[in-house]
Structures are given as C-alpha cells and as structure tokens.
Amino acid sequence: RSADATMLAGTLLALAISVRRASTLTEEFRCARLVADCFGGWPFARLASLRAPGLEANVFFRPIGPPAVAAALDSDGGLCGTAQLMKVELSRATGAESAGRVVAFTQSVSVAAAARRRGVGRALVAFCEEEAREAWAADGVDEAWLAVATENEAARALYDSLGYQSCGEARGNLLLRKRLATGAASGRGSRIVACEAVDAAADASAADRRAPLSGGVGWSPLLSNLGVQALYSAVPLLGVSLLLAPFG
C-alpha cells in the first residue's frame with residue numbers, strides 16, 4: 001500500500017469518518033447548506049447547482065451527464081464535508097490545448113468549520129478521484145481537474161500535496177489538473193478498507209459507493225432536477241420556513 005493511502009487510512013481512523021455518495025434529497029440539501037456556509041449563497045440555489053449543474057452557465061466546462069455529490073460523515077452520522085464530482089467537456093477558457101477534452105472535475109469542496117485541518121478535504125478529493133477512475137476510465141477520462149481561487153492559499157497547498165499541478169489562471173481562479181492512476185494499484189481498495197475499518201455500518205452503503213456514474217441524463221434524473229427547480233421557484237410563494245421544515 002502506498003504512503004499516501006496509509007496516511008489517508010490513518011486520518012480516517014483518527015477522525016472516524018466515512019465518505020460516500022449523498023443518496024437522498026435530504027442529504028443533498030444538507031450538503032447544499034454546508035456549501036452555502038463555506039462559499040456563501042442561498043442553500044436552495046446551491047442545491048439546484050449540486051443536482052443540475054448544467055442548468056447554470058460555467059465558464060470552464062460543460063457538464064456531461066448527472067453529477068455525484070460526495071458526503072463525508074462522522075461517527076455519529078453528522079455531515080462534516082461535501083464535494084461535487086462531474087464528467088465535463090472543458091471550454092476554451094481553460095486554454096486552447098485543453099479545450100474540448102473530457103475530464104473529471106471536482107468542485108464545491110466544503111468542510112465544516114469544526115472539522116477543518118483534519119484530513120476531511122483530502123479524503124473527499126481522494127474519493128472523487130477514485131469514483132472518476134471507476135466510472136469513466138473506460139471512456140478515456142484520465143485527468144482530474146479543479147479550480148481554486150488564487151487567494152485561497154490553504155486549498156492550493158492541499159491540492160499541491162495531492163499531486164495537482166497548475167495549468168493556468170483565468171478569471172481569478174487557478175486551474176489545476178492531475179493524471180489519474182490506472183490499474184489495480186490506484187488505491188481504491190485501500191480507501192474502501194479505510195472507510196469500512198472506521199465504521200462497520202458503512203458496509204450497507206458500499207454498493208452506492210461503487211455504483212458507476214451514469215453517462216447520460218435519462219428521465220429519472222431529469223424529472224428529479226425539474227423537481228428541484230420547482231422547489232426553488234416555490235420559495236417566494238410558500239416561504240423559506242415551510243420549505244425547510246422537512247430537512248430539520
């Protein structure tokens with residue numbers, strides 16, 4: 001097992017956290033609230049962006065298919081971090097050389113204030129990389145990309161330590177990319193073992209963690225995303241308090 005995998009396993013054991021996909025609308029809304037806490041904005045708008053990024057313009061990419069929302073949970077089941085993973089086609093804003101390439105893109109990496117500087121962000125990014133390898137390697141996706149604000153020194157240091165390299169700067173963001181490892185030595189087994197070692201209850205969601213990401217939109221995700229938009233539009237009519245009640 002690699003030194004990085006060993007360090008990640010030790011971090012997960014010390015924190016007693018597991019990383020998996022958010023599987024319900026309630027979980028996704030809690031992730032959206034955390035993103036709003038970290039980056040600002042309205043939780044319902046963040047929810048719409050997490051579930052249907054293609055409905056809003058992005059200068060760096062065009063999403064291909066539905067996204068995945070990663071949730072980092074502590075031993076009590078509390079949300080301590082989240083991130084969004086997408087398969088995207090890069091735009092010309094990323095540079096003439098990379099325009100048109102299809103890559104994995106991770107964004108909205110958010111960690112709760114009480115859990116920062118404890119390896120949660122590292123675990124989220126590692127999870128997204130492994131999901132991308134498993135889901136899209138057969139489609140020729142061999143790079144993971146990120147965009148980070150140029151003034152965010154802490155995040156830049158984290159991604160540098162994870163092997164991401166700068167490939168340009170645009171619109172106040174530093175673009176970072178990393179070649180995704182292939183084959184059995186990618187470390188996916190170590191990541192899953194680490195999560196299961198910390199929390200045996202995570203076995204129940206192992207199938208969700210390993211399920212491949214769909215390459216197409218399909219009717220079910222489309223109807224689900226339209227439902228989110230309807231919920232978002234209903235806020236002025238029903239009031240925020242009423243709509244937030246089911247989410248606790």
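Is arginine 171 buried or exposed? Hello everyone, let's start right there. Arginine 171 is exposed, and its relative accessible area is 68%. Bear in mind that what you see above is a predicted model. The residue sits in the loop that joins β7, residues 165-170, to β8, residues 173-179. Have a look at valine 59 as well: 112 residues separate valine 59 from arginine 171 in sequence, yet their C-alpha atoms are 9.1 Å apart in space.

Now to the helices. Helix α2 covers residues 25-39 and helix α3 covers residues 43-51; their axes lie 8 Å apart and the angle between them is about 115°. The crossing of these two is right-handed. Who takes part in the contact? On the α2 side we find, among others, Leu25, Phe29, Cys31, Val35 and Phe39, and on the α3 side the list includes Pro43, Phe44, Leu47 and Leu50. Sorted by class, the contact of α2 with α3 has 11 nonpolar and 4 charged residues, with no polar ones. Among the charged ones are Glu28 and Arg33 from α2, with Arg46 and Arg51 from α3.

Two of those names bring us to the aromatic rings. How many aromatic pairs does a search of the whole structure find? The search finds 4. Take tryptophan 42 and phenylalanine 44: their ring centres are 6.0 Å apart and their planes meet at 65°, so this pair is edge-to-face. Tryptophan 42 is partly exposed at 35% relative accessible area, whereas phenylalanine 44 is buried at 2%. Ring pairs also bring in Phe29, giving a cluster of Phe29, Trp42 and Phe44.

A further pair is phenylalanine 61 with phenylalanine 105. Here the centres are 4.7 Å apart and the planes are at 50°, so the pair is tilted. This pair links distant parts of the chain, since phenylalanine 61 belongs to strand β2, residues 61-63, and phenylalanine 105 to strand β5, residues 102-111, with the two positions 44 residues apart in sequence. Both rings belong to buried residues: phenylalanine 61 has a relative accessible area of 6%, and phenylalanine 105 has 2%.

Last, the cysteines. How many disulfides turn up in a search of the whole structure? The count is 0. Cysteine 31, which we met in the α2 contact with α3, is buried at 1% relative accessible area. Cysteine 167 is partly exposed, with 22% relative accessibility; the cut-off for buried is under 20%, so cysteine 167 does not count as buried.

Thanks for listening, everyone!

Conventions
Residues are numbered from 1 along each chain as its sequence is written. This is a predicted model: local features need pLDDT of at least 70, side-chain atom pairs count only at pLDDT 80 or more; totals for chains, interfaces and linings use all residues. Side-chain values use heavy atoms; hydrogens and water are left out. Helices (H or I, at least four residues) and strands (E, at least two) are DSSP runs, numbered from the N terminus. Buried means under 20% relative accessible area, exposed over 50%, partly exposed in between (1.4 Å probe, protein chains only). Rings of Phe, Tyr and Trp (its six-membered ring) pair if their centres lie within 6.5 Å; planes under 30 degrees apart count as stacked, over 60 as edge-to-face and the rest as tilted. A disulfide is a pair of cysteine sulfur atoms within 2.5 Å. Axes are lines fitted to C-alpha atoms, for helices over the stretch in contact, and angles run from 0 to 180 degrees between N-to-C directions. A crossing is left-handed if the near helix is turned anticlockwise from the far one by less than a right angle, and right-handed if clockwise. Contact means heavy atoms within 4.5 Å.
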